[in-house]
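Q: Please take a close look at one buried spot in this model and walk me through what surrounds it. I'm new to this, so plain words would help.

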Amino acid sequence: MTSVAQPLTDRPDPAVIADQNDAFRKLACLGIAPEAPIQGRMHVTRSLMEAGEGFMAEAVKATGEFATFEPENDPEGWHDFGAVTVRGETVFWKIDLYEADSDFRYGAETPDNPATTMRVLTILLARDW
């Protein structure tokens, strides 16, 4: 008996999710409005807020401008994690995708559908990870 692998057609398109994640990051961090509405919110940790005069603003801006995605730091191709350096300090950012009406309890069933997906961008100092 020979078996032929069938493509998984129900898997979300990583390029669509990456584009949506990039658009949301630019909206949240740089105020650049996306072409289509994207639901989400941004959180920063207390240590980032307390890191010094203007540090948080620099970290948020650097997060919004991040564009260095490679297989080593983006294995799924979703553009959902990155690290930036601000004043010699490593800052991580992460986007998590939730079902829009789940009170952040359930992961997004269709993460490439912005109408049903709520994005949460968290920015933190790497030492707090």
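**A close look around Gln20**

A: Leaving aside neighbours within four places in sequence, Gln20 is in contact with Ile38, Pro111, Asp112, Asn113, Pro114 and Arg119. Keep in mind that this is a predicted model. The mean pLDDT of the chain is 92, and 93% of its residues reach 70 or more. Among the elements, helix 3 (residues 55-65) has the highest mean, 98, while helix 2 (residues 46-49) has the lowest, 96.

Now, back to our residue. Gln20 sits in helix 1, which covers residues 14-30. Its relative accessibility is 11%, so Gln20 counts as buried, the cut-off being under 20%. One of its contacts is worth zooming in on: the Gln20 side chain reaches the backbone oxygen of Asp112, at 3.0 Å. Asp112 is also on the contact list, along with Pro111, Asn113 and Pro114.

Stay in helix 1 for a moment, because Asp22 is found there and, at a relative accessible area of 15%, is buried as well. If you skip residues up to four places away in sequence, Asp22 touches Phe69 and His79.

Let's follow Arg119 next, since that contact of Gln20 leads us to the strands. Strand 4 spans residues 117-125 and runs antiparallel to strand 3, with nine bridges joining the two. To see one such pairing, find Lys94: its bridge partner in strand 4 is Thr122.

Strand 3 (residues 89-99) also runs antiparallel to strand 2 (residues 81-86), and here six bridges join them. Try Thr85 this time; its bridge partner in strand 3 is Thr90. Strands 2 and 3 form a hairpin with two residues between them. In that turn, Arg87 has a positive phi of about 50 degrees.

Finally, go past strand 4 to the segment after it, where you'll find Arg127. With 57% relative accessibility, Arg127 counts as exposed, since the cut-off for that is over 50%. Its side chain still has a partner: a polar contact of 2.9 Å joins it to the side chain of Glu89. Arg127 is also 80 residues from Ser47 in sequence, yet their C-alpha atoms are 9.6 Å apart in space.

So there's your tour: it began at Gln20, which counts as buried at 11%, and ended at Arg127, which counts as exposed at 57%.

Methods:
Residues numbered from 1 in each chain as written. Heavy atoms only, no water. Pairing = 2+ DSSP bridges. Helix = DSSP H or I, 4+ residues; strand = E, 2+ residues; numbered from the N terminus. Buried < 20%, exposed > 50% of the residue type's maximum accessible area, 1.4 Å probe, protein only. Polar contact = N/O pair within 3.5 Å; in protein donor to acceptor, adjacent residues only side chain to side chain. Contact = heavy atoms within 4.5 Å. pLDDT = per-residue confidence, 0-100.
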